[in-house]
Amino acid sequence: MKHIRRVDDSLVYDYFGGVSQSKCVCYQCGHTSFSFEPFLDLSIQLESGPSPVSEHFLRRASMGNCETVDQILRECYVDENVEQLNGNNQLMCVKCKKKRDGIRAQQVKVWPKILALNLKRFTATGRKLSAKLVFPHTLSIKNLRYRLYAVCCHSGSESFGHYTSYVCVHGTPDETVMQKHFTVTEEKDIKTDLKSPMMRDLKNMWFNCNDSYISNVDAKEVSSVVEKAYILFYF
């Protein structure tokens with residue numbers, strides 16, 4: 001799997017790259033085959049379709065439950081997600097050399113340093129989906145612990161919309177970096193005085209980035225965008 005991650009030797013894969021495993025088992029002869037696929041993000045389907053993730057989401061939604069990201073990750077990516085292969089969707093067994101009934105079990109084997117979750121808000125025909133998806137600020141996956149640090153949102157419809165982002169500062173930034181890169185456009189936004197208590201300690205503070213406007217927001221506001229969240233970033 002280390003070889004797979006080295007296919008694209010770049011900083012992008014160093015930080016965002018993970019590896020998923022697919023295991024196929026033939027019911028006829030019992031032969032088991034493995035394949036591995038590198039990824040830069042994990043997709044979460046929000047509508048019906050062939051994906052086990054989407055079937056899982058709809059099953060929970062039909063019972064009146066508001067799905068959560070950690071539930072989907074645990075049941076569809078952490079544990080083996082088993083899909084039955086039969087009928088018109090049989091597997092090609094390399095040992096039998098013909099199509100057979102069987103199963104495909106998929107799970108993530110190597111988790112990335114930065115986990116990007118793509119919530120599929122748009123269908124193949126371009127229709128916008130507004131399904132609610134609750135996302136936690138911390139994720140515990142096996143021996144890893146992720147913290148939410150950014151949320152990309154889309155408001156509006158498939159015909160007209162607007163993108164905004166929420167970003168969390170998980171540490172105290174260097175003052176010279178702040179002077180060079182941090183700008184505000186309105187007095188009601190963050191004060192530009194770097195000696196103020198707010199600017200000296202931005203640890204765990206959330207900011208809303210809306211075009212050229214940057215404003216401080218409460219973490220509860222970030223948690224409330226369950227219908228607008230489009231991409232989630234954890235590290």
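**Exercise 1. Place Cys 153 among its neighbouring strands.**

Cys 153 stands opposite Thr 164 in strand 11. Which residue of strand 14 does Cys 153 stand opposite, and how many bridges support each of the strand pairings concerned?

*Solution.* The structure is a predicted model, and what follows is to be read with that in mind. Step one is to take the side of strand 11: this strand covers residues 161-169, and seven bridges join it to strand 10 in the antiparallel sense. The two strands form a hairpin, with four residues between them. Step two is to turn to strand 14, where Cys 153 stands opposite Ala 229. Strand 10 and strand 14 are likewise described as antiparallel, with five bridges between them. Step three is to look at the preceding residue, Cys 152, whose bridge partner in strand 14 is Ile 231.

**Exercise 2. Extend the pairing scheme outward from strands 10 and 14.**

Which strand forms a hairpin with strand 10 across a turn that contains Lys 142, and in what sense do strand 8 and strand 14 pair?

*Solution.* Begin with the hairpin: strand 9 and strand 10 are separated by two residues, and Lys 142 in the turn has a positive phi of about 55 degrees. Their pairing is antiparallel over four bridges, and within it Ser 140 stands opposite Arg 145 in strand 10. Next, consider strand 14, which pairs with strand 8 in the antiparallel sense over four bridges. Here Asn 118 stands opposite Ile 231, and Ile 231 is also the bridge partner of Cys 152. The whole protein, against which this local scheme can be set, comprises seven helices and 14 strands.

**Exercise 3. Analyse the aromatic pairs that involve strand 14.**

What geometry does the pair of Phe 122 and Tyr 230 have, and why does this pair tie together separate parts of the chain?

*Solution.* A search of the whole structure finds four aromatic pairs. In one of them, Phe 122 and Tyr 230 lie 5.8 Å apart from centre to centre with 85 degrees between the planes, an edge-to-face arrangement. Phe 122 belongs to the loop between strand 8 (115-120) and strand 9 (138-141), whereas Tyr 230 belongs to strand 14 (residues 229-234), so the contact ties together parts that are 108 residues apart in sequence. As to exposure, Phe 122 is partly exposed at 26% relative accessibility, while Tyr 230 is buried, with a relative accessible area of 18%.

A further pair is formed by Tyr 149 and Phe 233, whose ring centres are 6.0 Å apart and whose planes meet at 50 degrees, so this pair is tilted. It links distant parts of the chain, Tyr 149 being in strand 10 (residues 144-156) and Phe 233 in strand 14, 84 residues apart. Phe 233 counts as partly exposed, at 21% relative accessibility. Finally, ring pairs link Phe 122, Tyr 163 and Tyr 230 into a cluster.

**Exercise 4. Describe the setting of Thr 123.**

Is Thr 123 buried or exposed, and with which side chain does its own side chain make a polar contact?

*Solution.* First locate the residue, which is found in the loop between strand 8 and strand 9. With a relative accessible area of 10%, Thr 123 is buried, since the limit for that class is under 20%. Its side chain makes a polar contact of 3.0 Å with the side chain of Thr 125. Thr 123 and Leu 46 are 77 residues apart in sequence, and their C-alpha atoms are 8.8 Å apart in space.

**Exercise 5. Judge how far helix 4 is enclosed, and compare the overall values.**

How many of the residues of helix 4 are buried, and what percentage of the residues of the protein count as buried?

*Solution.* Helix 4 covers residues 69-78, and seven of its 10 residues are buried, so the helix is largely enclosed by the rest of the structure. The buried positions are Val 69, Gln 71, Ile 72, Leu 73, Cys 76, Tyr 77 and Val 78. For the protein, 36% of the 235 residues count as buried, and about 13800 Å² is exposed, of which carbon and sulfur atoms supply 50%. Among contacts between residues at least 6 apart in sequence, 64% join residues at least 24 apart.

Notes: Residues are numbered from 1 along each chain as its sequence is written. This is a predicted model: local features need pLDDT of at least 70, side-chain atom pairs count only at pLDDT 80 or more; totals for chains, interfaces and linings use all residues. Side-chain values use heavy atoms; hydrogens and water are left out. Buried means under 20% relative accessible area, exposed over 50%, partly exposed in between (1.4 Å probe, protein chains only). Contact means heavy atoms within 4.5 Å. Accessible areas come from the Shrake-Rupley method with a 1.4 Å probe; for residues, only the protein chains shown count as cover. Rings of Phe, Tyr and Trp (its six-membered ring) pair if their centres lie within 6.5 Å; planes under 30 degrees apart count as stacked, over 60 as edge-to-face and the rest as tilted. Two strands pair if DSSP finds at least two bridges between them. A polar contact is a pair of N or O atoms within 3.5 Å; within protein, one must be able to donate a hydrogen and the other to accept it, and residues adjacent in sequence count only if both atoms are side-chain atoms.
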